[in-house]
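Biologist: I am new to this structure and would like a close look at a single part of it. Please begin with the whole chain and then narrow down.

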Amino acid sequence: MTDQPQRPSLIRWLMTPPQAYLAYFVAVVLIGGVSFYVGSLKPNRHPGLVPATSSAPTTK
């Protein structure tokens, strides 16, 4: 009952300190790069589409 399930060798190798730091850095760079790319995309503008207006009630 004390036997732990054996992890694949790649995951075990990635969890050792030097590789773990590199894997974390690569993940941060990839997530940051994808986030920057998606944020820099321009939304599609349709010429006949009227922008939505705010329908909040006004109080006097």
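**A close look at helix 2**

Modeller: The chain exposes about 6500 Å², and carbon and sulfur atoms supply 67% of that area. This is a predicted model. Of the 60 residues in the chain, buried ones make up 2%. The chain has two helices and zero strands.

The part to look at is helix 2, which covers residues 17-40. Q19 is found in this helix. The side chain of Q19 is joined to that of T16 by a polar contact of 2.4 Å. If residues up to four places away in sequence are not counted, Q19 touches W13 and L14.

A20 also has its place in helix 2. With neighbours within four places in sequence left aside, A20 is in contact with L14 and M15. L14 is thus named among the contacts of Q19 and among those of A20. The relative accessible area of A20 is 27%, so this residue is partly exposed; the class lies between the limits of 20% for buried and 50% for exposed.

Further along the numbering comes V29, again in helix 2. V29 counts as partly exposed because its relative accessibility is 45%. V29 also belongs to a nonpolar surface patch, which L22, F25, V26 and L30 make together with it. The patch has an area of about 500 Å². Residues in such a patch need over 30% relative accessible area, and V29 has 45%.

Key
Residues numbered from 1 in each chain as written. Predicted model: local features only at pLDDT ≥ 70, side-chain atom pairs only at ≥ 80, totals over all residues. Heavy atoms only, no water. Helix = DSSP H or I, 4+ residues; strand = E, 2+ residues; numbered from the N terminus. Buried < 20%, exposed > 50% of the residue type's maximum accessible area, 1.4 Å probe, protein only. Areas by Shrake-Rupley, 256 points an atom, 1.4 Å probe, with all protein chains shown as cover. Patch = residues over 30% accessible without salt bridge, like charges linked within 9 Å, V, L, I, M, F, W, Y side chains within 5 Å. Salt bridge = Lys/Arg side-chain N within 4 Å of Asp/Glu carboxyl O. Polar contact = N/O pair within 3.5 Å; in protein donor to acceptor, adjacent residues only side chain to side chain. Contact = heavy atoms within 4.5 Å.
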